[in-house]
Amino acid sequence: MTEVRPTAAASASLWERDEEVAAIAQAIDTLCADRSSPGSLLVLRGEAGLGKTALLAETRRIAERRGCTVWSARGGETLRSVPFNVVRQLLQPALVSMLPEEAREYLGDWYDIAGPALGITEPGARHADPQGVCEGLIAAVRRLARRDWPLVLLIDDAHWADQETLHWLAGFVERLADLSVLVVVARRPGEISGTSARHLDAVTAAADRPCTTLAALTPAATAGLTRATLGENADAAFCREVWAVTGGNPYETVELLAKVQDSELEPVEAHAGELRALNRSARGGGLVARLEQLGIDATRFAWAAAILGSDITVDLVARLATLDHDDAVRCAELLRAARILTAPDPSTGRTGPADLEFVHPLIATAVYNSIPDALRRAMHGIAARIVTDSGRGAAAAARHLLEVHPDDDEELVGQLRDAAREHLAVGAPDAARRCLERALEEPPRPEVHAHVLHELGRATFLTAPARTIGHLRAALGMPGLDGEERVDAVVRLSQALLHNDQMEEAVRTVETEAARLGTGPAHLRLRAVQFMWEGIHAGEATSPDRSERLAELAATCTGRDNSERALLILRGFDAMMRGENAEEVAELCDRALVNGRLAPGLGWTDAEWGVELMLASAYAYTDRLDRAESLYNEALRAYETAGWSGGHLVLAHAYVGLAHRRRGRLTAAEASLRESLDLAERVGRGLPLYWTATCNLVDTLLARGHVDEAWAVAERHGFAPPYPSTIVLPDPRSVRGRLLLAVGRTEEGVNELEAAEKAAAARGHHNPVHVFWASDLARALAAEDPARAARLAVDVRRQAERFGTDTAIGEALRVAAALETGQRAVRLAAQAVGYLESSPCQYEHAAARVEYGILARSRDDLERGLALARSCGADGLVERARAELGTGAGPVPSR
């Protein structure tokens, strides 16, 4: 028990909390010791009334005494549907002290991304990426924390925080190791489920020490508190009954003792039997009965306050409860005297307009639940009107609109749709979903119904593609969707099917709709989408004449609009994959650009298409690496600036890594690809982007000669059959086969490469640089089946010459040289060096130079190969060159 007893009943929740207070003080001391101190997280868990709020208040007191900046926020049971509610509360002290230009300077590129979620700038017209907004909020606190160190963040009733705040908090606490901030979170066990529960559990799991679970007061502490409140003459039997009645719950104990004082009950054993009746009046039905005794006006005032939930002002409550000002002031005084409402605690630092708040969340819950259902719904409707009339917008009114009884109200449907648009614009798709689902309950008018379903499908696209499929199918089956909106719904449906691994159905969906339309821009757009899905599908289900049909359609395109430009890109990518002439591939891609750049609407953050990576990859595999690198780096900048993290950033880093790999900058490639794979782990295993990151990292490690590490990465990240249904660059079967050969599992490697041969043939993919199975298989079969190896080498050479790049031809000549002996091998190796010297792919040039030096016994070429290998970071080639140099006359060059 606390040695120095609290002097007032209000501090009852600190009784028997020495250990918790000591842990808090220690965390604050660590924070204040050094600006470079790592951040930390404490989680306080306990049932209602056990003193979590009192411990947060004590945290504030200790922190402010040590000179800390303290920001605080609190979840609300009726406010969980308000996106970013708690994080906005948390940042208010910092934001209200800044001018808009100051806030923009502090947040930099994140201002337009996180600003709308924080309510400091108007949202744009486009849907914000939720993960990007989350990253922006993390960056906002990170930057503000540097200014306001030492910073302490307090979050009370986190179990009632909105989902968007919990998403941010779960991401933020992961970054505390490099950010000097103390976060203290108070929560109840249970209370929530689903996505919010997962986020909150992730927060709890990230705490520096085991979650502190608060216990009830012991009988001895309850007796001490009773005597501190009622006087030392309170006898033991009375004190024991206080504990028995309250179960040692500090809040209930304080309330019960206040009732004892109000009733002037003497604290002796003879009156102990009256405690249970007094306790009932402080909770549940007893509280409601006590409220009713204050009169109908006071009851209506309390109901209106419970409906508002936060920012409770006398004027606002008066409007909602239909009371004049003087009656409202009188009711507020009655409710304060009855310990139902109280003035907000100024020490919390919150800056809202509130005059009042409930004494405890338990009271707010009891009052809210006591409102008759029909009246509660009606009052929410009035509250929504008040909020709307005040000019705060549909999104602010949405939490009330969600509670209104369905009544075929056309205006309500319109308000909910407006709110959904605002929610999507700030990165809160789940909040938008709730609004649109509620709009469907109204229900909408027949001519509007399909539009609401379409909007709902768009709202659920990022979080629940399977639900999107149902919504959009229903919308397309109704009258009302026409023109561009219908085409958009079809394209969205196909995208959702693709994300749900229903590739064939995605293709059929756009194909069927395209057939329904006559010629024109909409038909062309759908055909382009159809070819796009077929182009990224790795299976064998697409029609065999697809490439011919795509070539015919692209031949009619001049690049006058984005549908035509997309078709040219798709045709260029398909031609690259098929190994057609690289000059023609590049010419098709060039025609899709506007003044050498992606056209507006085809950019990296434009959601309508998604062909940019195909364009960049077509350049990457046709030796136009300057263009490819420029596009990949542009993607990375665009995603980071727009706050698009998650899968977008995974692919951006992966393809930047691919560009480094093609250039021969293997060390830089490995760094980018490891960053990509780290991000991919957060997004989710098994997705195509996860395969892209893993496949490229394995390929890069093999090029570096780090075979054991490549195998470890493959094992750790599941780089093995079955393969994804979408195209991955480079071909994962070819990379897996190369890996198996490198670790000495030759038979398995040959089988894998033969499987790659079959898959490539089915798709017509004959680009020997992207699908390099034949080169490795020829080498693997050289001793066992030289005739087949020779045929494979001839095929590689033929395909390379058809494709026509220096890299492809040089690589084919390397294969041919590896299968020959004597002077023929030397001549072929010299020709390979000649081609690869002109190629932008420096690793392949280094390998060819080393191989030629070995065959020709040319120390000069070995040394040049060694220098190139070092510049590439190709440790395996370095060791091979040094070994060969070591067998000849003269010293081996040093590193």
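Student: At what angle do helix 38 and helix 40 pack in this structure?

Tutor: The model discussed here is a predicted one. Helix 38 covers residues 773-781 and helix 40 covers residues 806-819, and their axes lie 10 Å apart. Angles under 35 degrees count as roughly parallel, and the two helices are therefore roughly parallel to each other. Their packing angle is about 5°.

Student: Which residues of helix 40 meet helix 38, and how do the residues of the contact divide?

Tutor: From helix 38, the residues taking part are Ser775, Ala778 and Arg779. Their partners in helix 40 are Arg814, Val815, Ala818 and Leu819. By character, the residues of this contact divide into four nonpolar, one polar and two charged.

Student: What distance separates the centres of domain 3 and domain 5?

Tutor: The domain assignment places domain 1 at 17-213, domain 2 at 219-283, domain 3 at 295-371, domain 4 at 372-481 and domain 5 at 805-894. Taken over C-alpha atoms, the centres of domain 3 and domain 5 are separated by 82 Å.

Student: Which residues does UniProt list for "domain: Orc1-like AAA ATPase", and how far apart are the end C-alpha atoms of that span?

Tutor: The UniProt record, an unreviewed entry, lists residues 16-184 under that name. In the model this span is 51% helix and 13% strand. Its end C-alpha atoms lie apart by 19 Å.

Student: What is the order of the strands in the open sheet, and which are the edge strands?

Tutor: The open sheet has five strands with parallel pairing, in the order 2-3-4-1-5. An edge strand pairs on one side only, and this holds for strand 2 (69-74) and strand 5 (212-213).

Student: Which residue stands opposite arginine 45?

Tutor: Strand 1, residues 40-45, runs parallel to strand 5, and two bridges join them. Opposite arginine 45, in strand 5, stands threonine 213.

Student: Which strands does helix 2 touch, and what angle does its direction make with that of strand 3?

Tutor: Helix 2 (residues 52-65) packs on the sheet. It touches strand 1, strand 2, strand 3 (151-156) and strand 4 (181-187). The direction of helix 2 makes with that of strand 3 an angle of about 170°.

Student: At what angle to strand 2 does helix 3 run?

Tutor: Helix 3 consists of residues 85-95 and lies across strand 2 and strand 3. Its angle to strand 2 is about 155°.

Student: Where is the cis peptide bond that ends at proline 150, and what is its omega?

Tutor: Proline 150 lies in the loop between helix 6 (130-147) and strand 3. Most peptide bonds are trans. The bond from tryptophan 149 to proline 150 is cis, with omega near -5°.

Student: What is the omega of the peptide bond from proline 721 to proline 722?

Tutor: Proline 722 belongs to the loop between helix 35 (707-716) and helix 36 (732-742). The bond leading to it from proline 721 is cis, with omega near 0°.

Student: What is the phi of aspartate 157?

Tutor: Aspartate 157 has its place in the loop between strand 3 and helix 7 (163-174). Most residues other than glycine have a negative phi. Aspartate 157 instead has a positive phi, near 50°.

Student: Which residues are in contact with glycine 647, leaving aside its neighbours within four places in sequence?

Tutor: Glycine 647 is placed in helix 32, residues 647-663. With neighbours within four places in sequence set aside, the residues in contact with glycine 647 are Val683 and Leu689.

How values were computed: Residues are numbered from 1 along each chain as its sequence is written. This is a predicted model: local features need pLDDT of at least 70, side-chain atom pairs count only at pLDDT 80 or more; totals for chains, interfaces and linings use all residues. Side-chain values use heavy atoms; hydrogens and water are left out. Domain bounds come from an automatic or database domain assignment. Axes are lines fitted to C-alpha atoms, for helices over the stretch in contact, and angles run from 0 to 180 degrees between N-to-C directions. Helices (H or I, at least four residues) and strands (E, at least two) are DSSP runs, numbered from the N terminus. Angles under 35 degrees count as roughly parallel, over 145 as roughly antiparallel, 65 to 115 as roughly perpendicular and the rest as oblique. Contact means heavy atoms within 4.5 Å. Ala, Val, Leu, Ile, Met, Phe, Trp, Tyr, Cys and Pro count as nonpolar, Asp, Glu, Lys and Arg as charged, and the others, Gly among them, as polar. UniProt positions are given in the numbering used here, feature names are shortened, and annotations may be inferred rather than shown by experiment. Two strands pair if DSSP finds at least two bridges between them.
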